[in-house]
Amino acid sequence: MASAADVREALVDVLDPEYPISIVDLGLVRGVSVEGTTAHVKITYTSLGCPCTGLIQGDIRDRLLQLEGVETVEIEEVFEPWTRRDISTKGLKVLQESGVG
């Protein structure tokens, strides 16, 4: 059975569609939990009009359904303001190496 830590670790493999950075390092993941065979993910976006929400959610589902014991993925959009401060140190480095920032 997958744990919340397993879910968070797997989400590192989910990249933002526009930049070569994981949604975890970008600071979009606001919470994870597991209840039985359901993985729950709380996520915010860099803007309310983010054109990639469907792509990101599809990639989250695809990745988490690969975890042993996960049969369902529920994604909750939370409207917490996202800022540059949400990006991890690793994420900032990746963005800078990519010419962003």
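**Exercise 1. Place helix α2 on the sheet.** Work out which strands α2 lies across, and at what angle it runs to β3.

*Solution.* Step 1: α2 lies across β2 and β3, and its direction makes an angle of about 150° with β3. Step 2: keep in mind as you look that this is a predicted model. Step 3: now turn to the other helix described against the sheet. α1 lies across β1 and β2, running at about 135° to β1.

**Exercise 2. Describe the sheet.** Find the order of the strands, and say which of them are edge strands.

*Solution.* Step 1: the three strands form an open sheet in the order β1-β2-β3, and their pairing is mixed. Step 2: β1 and β3 are the edge strands, since each pairs on one side only. Step 3: on average, neighbouring strands of this sheet are turned by 15° against each other, direction ignored. Step 4: zoom in on one pair. β1 and β2 run antiparallel and are joined by six bridges. For one of the residues involved, S33, the bridge partner in β2 is H40. As a reminder, strands of a sheet pair through backbone hydrogen bonds, either parallel or antiparallel.

**Exercise 3. Find the two sides of α2.** Decide which residues of α2 are buried, and whether they lie on the same side or on opposite sides of the helix.

*Solution.* Step 1: start with the helix itself. α2 has twelve residues and reaches 16 Å from its first C-alpha to its last, close to the 16 Å expected at 1.5 Å a residue. Step 2: list the buried residues of α2, which are I56, Q57, I60, R63 and L64. Step 3: look at their directions. These residues cover an arc of only 130° around the axis, so they sit on the same side of α2. The spacing helps here: an α-helix has 3.6 residues a turn, so residues three or four places apart point the same way. Step 4: ask what covers the buried residues; the answer includes α1, β2 and β3. Step 5: go round to the other side of α2, where G54 and L55 are exposed.

**Exercise 4. Is L55 buried or exposed?** Use its relative accessibility to decide.

*Solution.* Step 1: find L55 in helix α2, which spans residues 53-64. Step 2: compare its value with the cut-off. Exposed means over 50%, and L55 counts as exposed because its relative accessibility is 52%. Step 3: relate L55 to another part of the chain. L55 and V14 are 41 residues apart in sequence, and their C-alpha atoms are 10 Å apart in space.

**Exercise 5. Compare two buried residues.** Say where T38 and D25 lie, and which residues each one touches.

*Solution.* Step 1: T38 belongs to strand β2, residues 38-43. With a relative accessible area of 15%, T38 is buried, because the cut-off for buried is under 20%. Step 2: apart from residues up to four places away in sequence, T38 touches S33, T72 and E74. Step 3: D25 is in the loop between α1 and β1. D25 is buried too, at 14% relative accessible area. Step 4: leaving aside neighbours within four places in sequence, D25 is in contact with D86, I87, S88, K90 and G91.

**Exercise 6. Trace the salt bridges.** Which residues are linked with R30 in a network of salt bridges?

*Solution.* Step 1: recall that side chains of opposite charge can pair when their charged atoms come close. The count of salt bridges comes to four. Step 2: one of them joins the side chains of R63 and D13, at 2.8 Å from N to O. This pair links distant parts of the chain: R63 is in helix α2 and D13 in the loop between α1 and β1, 50 residues apart. Step 3: R30 and E80 also meet in a salt bridge, at 2.7 Å from N to O. Here R30 is in strand β1 and E80 in the loop between β3 and α3, again 50 residues apart. Step 4: D86 forms a salt bridge with R30, with the closest N and O atoms 3.0 Å apart. D86 lies in the loop between β3 and α3 and R30 in strand β1, so this pair ties together parts 56 residues apart in sequence. Step 5: put the pieces together: R30, E80 and D86 are linked in a network of salt bridges. Step 6: check accessibility. R30 is partly exposed at 24%, E80 is partly exposed at 37%, and D86 is partly exposed at 27%.

Technical notes
Residues are numbered from 1 along each chain as its sequence is written. This is a predicted model: local features need pLDDT of at least 70, side-chain atom pairs count only at pLDDT 80 or more; totals for chains, interfaces and linings use all residues. Side-chain values use heavy atoms; hydrogens and water are left out. Helices (H or I, at least four residues) and strands (E, at least two) are DSSP runs, numbered from the N terminus. Buried means under 20% relative accessible area, exposed over 50%, partly exposed in between (1.4 Å probe, protein chains only). Contact means heavy atoms within 4.5 Å. Two strands pair if DSSP finds at least two bridges between them. Axes are lines fitted to C-alpha atoms, for helices over the stretch in contact, and angles run from 0 to 180 degrees between N-to-C directions. The expected span of a helix is 1.5 Å times one less than its number of residues. The arc is that of the directions from the helix axis to the C-beta atoms.
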